[in-house]
Amino acid sequence: MEPEVLETPEQVNALYSKSWFYSYEVVIDSKPAINVDSCKVLSKALQEGYKSSDYKEQVALLATNKICTTWVAMGKLMPSKESFLDSFKHDAALANKMPPELSLIISNDDERRLVKASSWEEMSHIQKVELVNDDQAIYYDNSGGIQRLTIMAKGDYNQDGIEDMVLHMANAVERGSYSSSYSYIVTRLTADAPYTLIKQF
């Protein structure tokens, strides 16, 4: 597939209704099965209670819906007047600057620790970082967690004049079947400040 070149918020927003090159069949007890082939159709189907009959495909559906929601957030970005994101770099030190919500949360114990934690590193203890490119890296923690963090877009999301960043995280566990995905909007209010979480979805 050729990459999409998007130059305006309107073009980003149009992705929500654009048909994919594939489709999922989803079912619900009281109605006929339907084929999901766009973000718009997927969102409506999930709201109505449709789901895949296959567990692994259902996981993929939910992950796809997160990407769709991320595109909606990207479509709200506006030009910023000021930015403190120029020094962003994928490395082990980044986990000390990022909010704890980026950590891999699996258990109730993780949830309890999250309430008191001040950074991603405090929760996950990153051991290794594998750079994919300037926008994406894979982070490995000390308990088998594998997290792929991707910069999706930058711009002013909350209209305060300061540049924000949309991130997407795909989570997995070494030698396990667990998977999850989340998106985040973060910002930095000064050049030396830690990153602040604006929104998580």
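Let's start with Q159. At 57% relative accessibility, Q159 counts as exposed, because the cut-off for exposed is over 50%. Keep in mind that this is a predicted model. Where does Q159 lie? Q159 sits in the loop between strand 5 and strand 6. Now look at its backbone. Q159 is not a glycine, yet its phi is positive, about 55°. Why point that out? Most residues other than glycine have a negative phi.

There is another residue to show you, H125. H125 also has a positive phi, near 50°, and is not a glycine. Find H125 in the loop between helix 6, residues 120-124, and strand 3. Is H125 exposed or partly exposed? Its relative accessibility is 34%, so H125 counts as partly exposed.

Next, the sheet. Six strands form an open sheet. Their order is 3-4-5-6-7-8, and the pairing is antiparallel. Which strands stand at the edges? Strand 3, residues 126-133, and strand 8, residues 196-200. Each of these has a single partner strand, so one side of each has no neighbour in the sheet. On average, neighbouring strands of this sheet are turned by 30° against each other, ignoring direction.

Let's zoom in on strand 8. Strand 8 pairs with strand 7, residues 179-187, in the antiparallel sense. How many bridges join strand 7 and strand 8? Four. On the strand 8 side, look for T196; T187 stands opposite.

Last stop, helix 3. Helix 3 covers residues 55-74. Helix 3 lies across strand 5 (145-155), strand 6 (164-173) and strand 7. To strand 7, helix 3 runs at about 15°.

Terms used: Residues numbered from 1 in each chain as written. Predicted model: local features only at pLDDT ≥ 70, side-chain atom pairs only at ≥ 80, totals over all residues. Heavy atoms only, no water. Pairing = 2+ DSSP bridges. Helix = DSSP H or I, 4+ residues; strand = E, 2+ residues; numbered from the N terminus. Axes fitted to C-alpha atoms, helices over the stretch in contact; angles between N-to-C directions. Contact = heavy atoms within 4.5 Å. Buried < 20%, exposed > 50% of the residue type's maximum accessible area, 1.4 Å probe, protein only.
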